[in-house]
Each structure stands twice: as structure tokens, then as C-alpha cells.
Amino acid sequence: MTQDLRAPSFMERYQLCRVDNKYYPNFNVTVKYASTINPKVLAHAVHNIIVKNPLLGCNYFRTTQGDDHNDYRNYSIRPIDIKFDELISVSSESEDTYINDELFAELNKIHFDINETKPLWKLVLNGPYVTIVCSHIYFDGNSGCFFHKDLLEELKELHSIEDLLAPLEFIVKAVEITSVPPPVDSTTTLYSLPIWQSVKNLFKLAVAPSWFKSPTKLPLFQTTPIVVDQINHFKVIHIDPATVKSILTHVKSLKTTLTPWLIAITFNLFLKLHPNNSFDATIPLNGRRYTPADKYQVVVAESTVALDPPFDIEATSSAITTQLSAELESRDPFNRVALLKFVNIGNFASQRIGTHARHTMEISNVGKLPVSRCWFSQGCGFSAHLQLNVASGEDGMDIVFAYVDEVKKDFDEFINNFQKEISSIKRGAT
């Protein structure tokens, strides 16, 4: 048996719970590279990435016998042997029609298992397209982007010796991995628990849970209670570079940024379909803005904003920007995440099942990669009715929408209005 490298952090235990109980399948980042990639070369490039980032060559294993997982405390990270066909799938779909709604629906069905000598991620190669599909245990959305940046560099390094490379049966062997980086919470103060903020957040959690979201006069939008294996649908749209430029100029003129503006137009358009409701949105925050952190660990928190109509786009963007800026400055969302250290993680995660705790929407923007096209995708999980997953490349921006079955009847009208709103910004700029 391979050696135990370290125990999971509190954040990893939370993600272990979500994976073990199939509360969340994966997220994925797809990139179109400049040319077709040879599977043999890809294998060598990935080997180099894993050796430099050994956590990618590991899984999590229970260290005791029996059914009691002790709230995922009795787990350890262990290296594993990873065969080529366990990590890399090679497809031969037509490149012209490869990127479509069905692709992201199929990717969302991929699930990774702990306690197995198999990786917690995989790659799908199709000509110039490479998708990394990730469990969330030691990946966040930015990790998926870091992988593609690392892969670009490795492919450049291997370009001159491609013909000399032998096929790899094993991408990596467990004996090559003797240590992994310590968890983020042990090397930074990002998930510390300042006394005053901890008391405040514990009070909100234990005494006044409604304080976690802004008070609203109207009831928050809701549909059916949360269930495991919620049906998700996907829709991908592309925004060309000229339109992206017009949008960024427009949002700058409003003294806001892209994320609050996209929330505002979504609220505005969704209200036409669901009047007399308040809406809320959750925004993942990247903790690497505050501290250096390992590329392949989860370094996130979330900001949640709840607002009443009317959702004038400029006023709503401004309100979201104000709250988001305050939370980024205070770091309070990260202090709230740190409260997971004090709770039973299994109970905390499972207690949302059967409730109406799903947000109206979640928006995740992983930024711009130095490639022609990039797509970021994930399902709604327990989080939201509607997901906007945003990524950009040199040839524009792509948004992959995910939405639960309960809003399917509204989605076609919503997305048509959304695209009209986007197009109107370009027309207004000309």
C-alpha cells in the first residue's frame, strides 16, 4: 500500500462529502488550441505537470475500517498509479460541430470516486480541443484554467522532440510522488477566524440565519425543493470580440464590472417571466487575490446578494458592485467559509436537501486565457436555478448556461431576450 501523505483540510473534507454523496459531479474547462494535439505528446506534457504538481497524482482514501467516515476526518491523501486510458479519452467528433449544448450536458454526467486508485480528474482530447474535467476536492475553477496555461507551456517545451517521445502506458507512477503541498489553510491566514467576525458570523448562523442574505420585501424566487441528481440543461452562446469590447466599455461607463452587469441584466430579464419576486445571486470569489496559494487547491468563498425589484440595470449593477467591493475588502466571505471548521460537514451539506435554499442564479467568471476559445461549465448542483459560466479567449467570450428542469419552460424566452440585450450594446456603440 502506498504511503499516506497528509490528512485532508476542512475544505477538502467538505468537498469529499459532496463527492462521496454525489451532491456535485464536476466542473470542466475546454480550450481550443492552435492545432491538433497528438495524444502521445499530451501524455508526456501531463506527466510533467503532475510531477511538478503532485497533488494531481493522488486520491483520498479512508484510513479506518467500517462505515463510519468520522465526518471525513479519517481520510488521507495517497499517490496512485495513473494509466493513460484512465486519464485521457480520445474522441474523433467533427470539429465543426463539437462544441454544442449536448457536449456540456454529457460532461456534467462524469463523476469521480474517492477510495479508488483512479484520478479525480480526466482529459478529453478531440483534435485541437482539450477538456479538463475536475472533481472539486482539490480543484477550483481557476485551477482548471491554470492547468491549460501549464499545458500550453509543456507543449511548447516538447514541440522540438515530439518524434522522439515514446507512448506512455502510465502517465505517472505512485512511486514518483513522495509529498504534496500543505493545505491552504495551514500556510495562509485567509481562512483564519478573527474573534469579532467569528462571533458575528456564528450569531448569524445560530440565532438569525436570515441575516446571511440581504432582507427583501418580496419572497425570493423558488421552485421545488432541492434533490440529489437534479436534472440540468445546458446552453452555450458565443460573444464575438467586437461585442465583448463594446460591453466592457459600457460597463466601465457605469462604474461597474462585467459580473455585476451580467447579474443585473439576468435579474431584469428574469423578472419579466417571474414578476413579484425578489432574486438572489451568488458569486464565487478567488482567494488568490489576497495570498499566494497552490494552483491546484480550492481557494474560494462566495458573496451572495439579494435584491428587490425593479431591476433597473444601472442601479442593480451599482448595488451589486457596492456589496461585492465591501466583501472583497473585508474578506468576510472567507471568514464564513472557515466556520466549516466548527460544524459537522456531513450534516451541513445534507441539510439543504428538501429545502428551498437554491439561489436564483450563480455566476462564475474564470477570466481570459491566452488561447483562441475557452469554455467553462458546471451544473447547478444545490446552488442555483440558473448558472452563468463565463470564460474568454482571444476570439471572444463564451457563456455556458446551466439551468434546472424547473425553469426549462422559461429558458428559451429568457435566452432570446438575453442575446438581444447583448446585441443592443454593440449597436449602441456603433
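**Around Trp121**

Leaving aside its neighbours within four places in sequence, Trp121 touches Val46, Ile50, Leu56, Leu87, Phe112, Ile132, Val133, Cys134, Tyr138, Phe139 and Phe147. The model is a predicted one, and Trp121 is our way into it.

Where does Trp121 sit? Its place is in strand E6, which covers residues 121-126. Is Trp121 buried or exposed? Its relative accessibility is 1%. Buried means under 20%, so Trp121 counts as buried.

One partner deserves a second look. Leu56 is among the contacts of Trp121. The backbone oxygen of Leu56 lies 2.9 Å from a polar atom of the Trp121 side chain.

Now compare a residue elsewhere in the chain. Val390 is 269 residues from Trp121 along the chain. The C-alpha atoms of the two are separated by 21 Å.

Next, follow two other contacts of Trp121, Val46 and Phe147. They lead to a pair of helices. Val46 is one of the H2 residues that meet H5, and Phe147 is one of the H5 residues that meet H2.

Helix H2 spans residues 39-52, and helix H5 spans residues 141-158. They pack at an angle of about 120°, with their axes 9 Å apart. That angle makes H2 oblique to H5. The crossing of the two helices is right-handed.

Which residues make this contact? From H2 come Val41, Leu42, His44, Ala45, Val46, Asn48, Ile49 and Lys52. From H5 come Phe147, Asp150, Leu151, Glu154, Leu155 and Leu158. By class, nine residues in the contact of H2 with H5 are nonpolar, two are polar and three are charged.

Terms used:
Residues are numbered from 1 along each chain as its sequence is written. This is a predicted model: local features need pLDDT of at least 70, side-chain atom pairs count only at pLDDT 80 or more; totals for chains, interfaces and linings use all residues. Side-chain values use heavy atoms; hydrogens and water are left out. Axes are lines fitted to C-alpha atoms, for helices over the stretch in contact, and angles run from 0 to 180 degrees between N-to-C directions. Helices (H or I, at least four residues) and strands (E, at least two) are DSSP runs, numbered from the N terminus. Angles under 35 degrees count as roughly parallel, over 145 as roughly antiparallel, 65 to 115 as roughly perpendicular and the rest as oblique. A crossing is left-handed if the near helix is turned anticlockwise from the far one by less than a right angle, and right-handed if clockwise. Contact means heavy atoms within 4.5 Å. Ala, Val, Leu, Ile, Met, Phe, Trp, Tyr, Cys and Pro count as nonpolar, Asp, Glu, Lys and Arg as charged, and the others, Gly among them, as polar. Buried means under 20% relative accessible area, exposed over 50%, partly exposed in between (1.4 Å probe, protein chains only). A polar contact is a pair of N or O atoms within 3.5 Å; within protein, one must be able to donate a hydrogen and the other to accept it, and residues adjacent in sequence count only if both atoms are side-chain atoms.
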